[in-house]
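Reader: I am new to reading structures, and I would like to work through the pockets and the ligand one step at a time. Could you take me through them carefully?

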Amino acid sequence: MSNSIIYWFRQDLRLEDNPALLHAAQSGKSVIPIFIFDPDERSIGMAASWWRKQSLSKLDASLKKIGASLSFYEGRPLEVLENLTRFYSADEIVWNRQYDGYCISRDKEIKQIFSDKGIQCSSFNASLLFEPWLIKNKSGSFFKVFTPFWRHCLSEYAPESPFPRPTEVRGHPDKDPFQIQLPKALLSDDADLTSDEWTPGEAGAYQQFEKFIEEGLAIYAEFRDFPDRPATSRLSPYLRWGEIGPRQIWSKIQFVKSHESFSEKTISKFLAEIGWREFSYNLIFHVPEMVTQNLQPSFNDFPWEENEKALQQWKDGNTGYPLVDAGMRELNRTGYMHNRVRMITASFLIKHLMIDWRAGEKYFWDRLLDACPANNITGWQWVAGSGADAAPFFRIFNPIIQGEKFDPKGAYTKRFIPELAHFEQKYLFSPWKAKSDSVKLDFQEGEYPDPIVEHEYARNRALDAFQQIRR
Ligand SMILES: Cc1cc2nc3c(=O)[nH]c(=O)nc-3n(C[C@H](O)[C@H](O)[C@H](O)COP(=O)(O)OP(=O)(O)OC[C@H]3O[C@@H](n4cnc5c(N)ncnc54)[C@H](O)[C@@H]3O)c2cc1C
């Protein structure tokens, strides 16, 4: 009779609030915790790869403290699991669910094949507050607008409490021959990031969350749009890799709410952003094609421009619009970008340069530490106007006004654009005007480029293009 169970880690790199791991630990069987590098899953970029590697090493160290260790495999999960169930005579496989189209069909196939062989596959929820198939509007369909979606979630369902961390996981004494070394399967360590800003892993997630509660939560509602203010949680890479889960966030915030004097406004604003994450997962679950296709088919006829040169200037942070360039340089240098600046840089690519949102989505996916299968797609489609509850296409961010409003002292912009470090504030977001006003320029560390496209011209061109698809 079998006495082993395989636990397949995926996007749930933590011990606490991990129902599949808890189930395995409590099964009384020897547990084989594994991670599989699946070549058919969308490959992640350098920054995310760096993050995942750190996180997996820490997870392995944490598992060792409670009796097991993490083994790594490369290949199609079905084949890897077939080898492992045979080697260990395992009669059960467990995992926490993923919600994108590829993972859902892969997991369904695996479940079917193993259940035909009498091996039970069980899946659990570790990454959402509400399962997407439960949340339906009055006509029985999924919600396409955030506010009623979130109102419905909160009025109909109470998020579950987090699951406790297992105190012991009984590992298996044998070692199979299919394992690979962790570093071999991953991209290099040399991601060009200011990685000292981040501590990947479960412990790092809790530290970051505590720091946010102490320093950011009180000012979240007021200052979350200001990239130079430490008002947002910076939990996105931890949530992406499941080093913390939304149930833990929800429950801690409820505790904080009842013990400390935060305003209702700031608490509900923060929780609503966790709600936007739920909404994004909900959308890709119900419309899996939206990862490559416009959610609104009218955008299929949009006259996107092919402009490699402009795309490269945007990627490099050389558009001549300081806030756009600061955002792109922040992304390139740190693997992160503030939400408001994500909206501005994305809008610039789509509307000022008329470049297809998919090119921007791909670049963000390759560069972000938090590159998320749901949030990145929905974020880009939201900005393009092609998504659900999206910003209308005709609302075109003015990168000059956005800079003056959300980076009023220029501290964020100057941090990432040293050429402008000593530049007069009045001209910071439109440096070309200083030239035309014959102001003595004080560029540092080389020249800053002229705008690659003129704002009013770009705005009118985008609006004209939008008229074409509305007809
Ligand atoms: C074009 C574009 C691309 C984006 N790509 C990603 C991505 O790949 N990964 C990602 O996690 N987020 C993405 N976002 C959403 C958002 O920008 C980030 O989640 C946020 O900036 C992360 O910083 P934070 O953790 O300090 O956020 P906070 O403001 O502290 O929010 C807390 C958490 O709520 C969630 N959240 C916040 N804003 C949003 C949002 N607009 N949509 C969905 N969830 C949200 C995130 O999980 C975040 O960590 C994107 C937004 C845009 C406009």
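Author: Before we begin, the domain bounds used here come from an automatic or database domain assignment, and the model itself is a predicted one.

Reader: Between which domains does the largest pocket lie, and why?
Author: To place a pocket, we ask which parts of the chain give residues to its lining. Here the lining of the largest pocket takes residues from two domains, so the pocket lies between domain 2 (133–161 + 201–286) and domain 3 (297–466).

Reader: Which helix gives the most residues to the lining of the largest pocket?
Author: The lining is made up of 42 residues, and those nearest the centre of the pocket are Arg224, Glu273, Trp276, Asn339 and Asn375. At least two lining residues come from each of helix H8 (236–240), helix H10 (264–286), helix H13 (339–352) and helix H15 (375–384). The greatest contribution, ten residues, is that of H10.

Reader: How many residues in the lining of the largest pocket are nonpolar?
Author: The space in this pocket comes to about 1,200 Å³. When its lining is sorted by class, ten residues are polar and ten are charged, while the nonpolar ones number 22.

Reader: Which element gives the most to the lining of the second largest pocket?
Author: This pocket, with about 700 Å³ of space, is lined by 36 residues, and Asp38, Glu41, Arg42, Ser43 and Ile44 lie nearest its centre. Two or more lining residues come from each of strand E1 (4–9), strand E2 (30–37), helix H2 (46–65), helix H4 (101–116) and helix H14 (357–367). With four residues, the one that gives the most is H4.

Reader: From which domains does the lining of the second largest pocket draw at least three residues each?
Author: By class, this lining divides into 18 nonpolar, seven polar and eleven charged residues. Looking instead at where they sit along the chain, at least three come from each of two domains, namely domain 1 (4–125) and domain 3 (297–466).

Reader: Which side chain has an N or O atom 3.0 Å from a nitrogen atom of the ligand?
Author: The ligand is surrounded by 27 residues, and Tyr220, Thr232, Ser233, Arg234 and Asn339 are the closest. A backbone N or O atom of Arg277 lies 3.4 Å from a ligand nitrogen, and a polar side-chain atom of Arg342 lies 3.4 Å from a ligand oxygen. The side chain with an N or O atom at 3.0 Å from a ligand nitrogen is that of Asn376.

Reader: How much of the ligand's accessible area does the protein cover?
Author: We start from the ligand on its own, which has 820 Å² of accessible area. Of that area, the share covered by the protein is 95%.

How values were computed. Residues numbered from 1 in each chain as written. Predicted model: local features only at pLDDT ≥ 70, side-chain atom pairs only at ≥ 80, totals over all residues. Heavy atoms only, no water. 1 Å grid on protein atoms, 1.4 Å probe; cavity = no way out; pocket = protein on both sides within 12 Å on 5 of 7 lines; lining within 4 Å. Points joined across faces, edges and corners; volume = space filled by probe spheres on them. Nonpolar A, V, L, I, M, F, W, Y, C, P; charged D, E, K, R; others polar. Near = heavy atom within 4 Å. Polar contact = N/O pair within 3.5 Å; in protein donor to acceptor, adjacent residues only side chain to side chain. Areas by Shrake-Rupley, 256 points an atom, 1.4 Å probe, with all protein chains shown as cover.
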